[in-house]
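Here are a few friendly notes to read alongside the model. They take the metal site and then the internal cavities.

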Amino acid sequence: MNPRFLDTLSGERRPFVPLDPANVRVYSCGPTVYGPAHVGNFRSFLFADLLVRYLRYLGYPVTWVMNITDVDDKIIRGARADGSTIAEVAERWTARFLDDAATLRMTVPDVLPRATGHIPEMASLIATLLDRGHAYRTEDGSVFFRIASWPAYGRLAHLDPAEMRVGERVESDEYAKDDVRDFALWKGPKADEPSWDSAIGPGRPGWHIECSAMSMSYLGPSFDIHTGGVDLVFPHHEDEMAQSEAATGEPFVATWLHCAHLQMGGEKMAKSTGNIARVADLVALGVSPRALRYALLAAHYRMSLSFSEDSLQAANSAVERLDALWSSLAAYRSDGPDDPTLDTLLDTARAGFEAGLDDDLNASPAFAAVFELVREVNRRIAARAISTADAARIRAFLEDIDRVLALLPDEEALEPDLLAMIEARVAARAARDWAESDRLRAELLDRGVAVEDTRDGQRWRRVETARG
Ligand SMILES: [Zn+2]
């Protein structure tokens, strides 16, 4: 069965039908690299990651493009403030973004285009809009999109163009323009700003045209899915859609998906309010990256999600339950018969997982199905009701759905000195030297490794240490 997605433009929940089943094309608005992205931004990026991972799990080949906005007013201001070039500012924060994304196990997009690497494509798109009468030049060398030339404007955000007022919803601009609603495609050169020579003259691109040019360069004039945070619907995506369709005469995007805000302390998390948490800071405080990933993914992306100490705590214990089961299964040995009902159990879990994600990527019931399985398998392990082969099959099942979740622990080897301590503890127990065994257990725990003695022998797992 095809997943169904709630498309922002039509307002309808529709079965997903790829434009080209051999290549599903997804574009996500990426970061503007003038500082570290906050976890609210990462909620939106991880939702796109979940989408791409799930489409791939279903067998669709996907091309995923996420842009890096590396020229923008804020980057220019940041460079001016610390005496560096915009390229240096952008490079620094792009590297940080990629580090944070890797920490959160975000799939690396197939293409991560930089705006400054696509100036000719932007200029050519703007030239087309000028030719077709959808854009005009002003005296300072800027080019604006003429909203009056595009009656469909406002369709994505469900706004009546006549009712839009300056200052409220329309970004006002310091450049002279015919109509206050018109937005800049190209900003004429200024003495203290970076500028590029292009087919339409010198200057720099507006933000909106960057995404139109980069998405269509890699994905064609029409593609399957465009994602972003809900704050991008207007004006960013409205403008992208208007200028792209006015230039090509074709529908720009088949399905628009928008992720709701992350709330912290009851407010939207945003740089402007100072109400922010950053990935690296949280990890430095001892928050497990996988718990952070879980906390950002576990609710339906359309629902606003509250981020707090409590939500992180809940995420942490969920991930620990998964880890504990994972290592129990690895250590489990039983010569007993295979569990005749295991197939049904795994099929039910898979059906619940897929039904949730098929329903507009609703992670909440999908995760619930997985943790229902965790509970039931723990029960069967305690009752010794599964065989060694069953345990391996459950692990294979978890690995399979982890292509979407990306929450299982790394199969990491212990450092040699820790491994030596584990082995010394096995020897101490064999010699019934309980004092030495307890001493080694305490020392391992202090080093972040919890050991446990089970019927299947000693097993270990990584834990957060008190030292962080
Ligand atoms: Zn964008």
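1. The donor residues of the zinc ion follow the sequence spacing C-x181-C-x24-H. Cys-211 in helix α5 (residues 207-219) and His-236 in helix α6 (residues 233-248), 25 residues apart, link distant parts of the chain. Helices here are DSSP runs of H or I with at least four residues, numbered from the N terminus.

2. A word on the basis: this is a predicted model, in which local features need pLDDT of at least 70 and side-chain atom pairs count only at pLDDT 80 or more, while totals for chains, interfaces and linings use all residues. Residues are numbered from 1 along each chain as its sequence is written, and side-chain values use heavy atoms, with hydrogens and water left out.

3. Which atoms hold the zinc ion? The protein donors are Cys-29 (SG), Cys-211 (SG) and His-236 (NE2), 2.0 to 2.1 Å from the ion. Donors are N, O and S atoms within 2.8 Å of the metal (3.2 Å for Na, K and Ca); water is not among the atoms, so sites may look incomplete.

4. Are Cys-211 and His-236 buried or exposed? Cys-211 counts as buried because its relative accessibility is 0%, and His-236 counts as buried at 1%. Buried means under 20% relative accessible area, exposed over 50%, and partly exposed in between (1.4 Å probe, protein chains only).

5. Turning to the linings, α1 (39-57) and α8 (289-297) each supply at least two residues to that of the largest cavity. The most come from α1, with four residues. A cavity is a set of points, on a 1 Å grid over the protein atoms alone, where a 1.4 Å probe fits but cannot get out; lining residues have an atom within 4 Å of a point.
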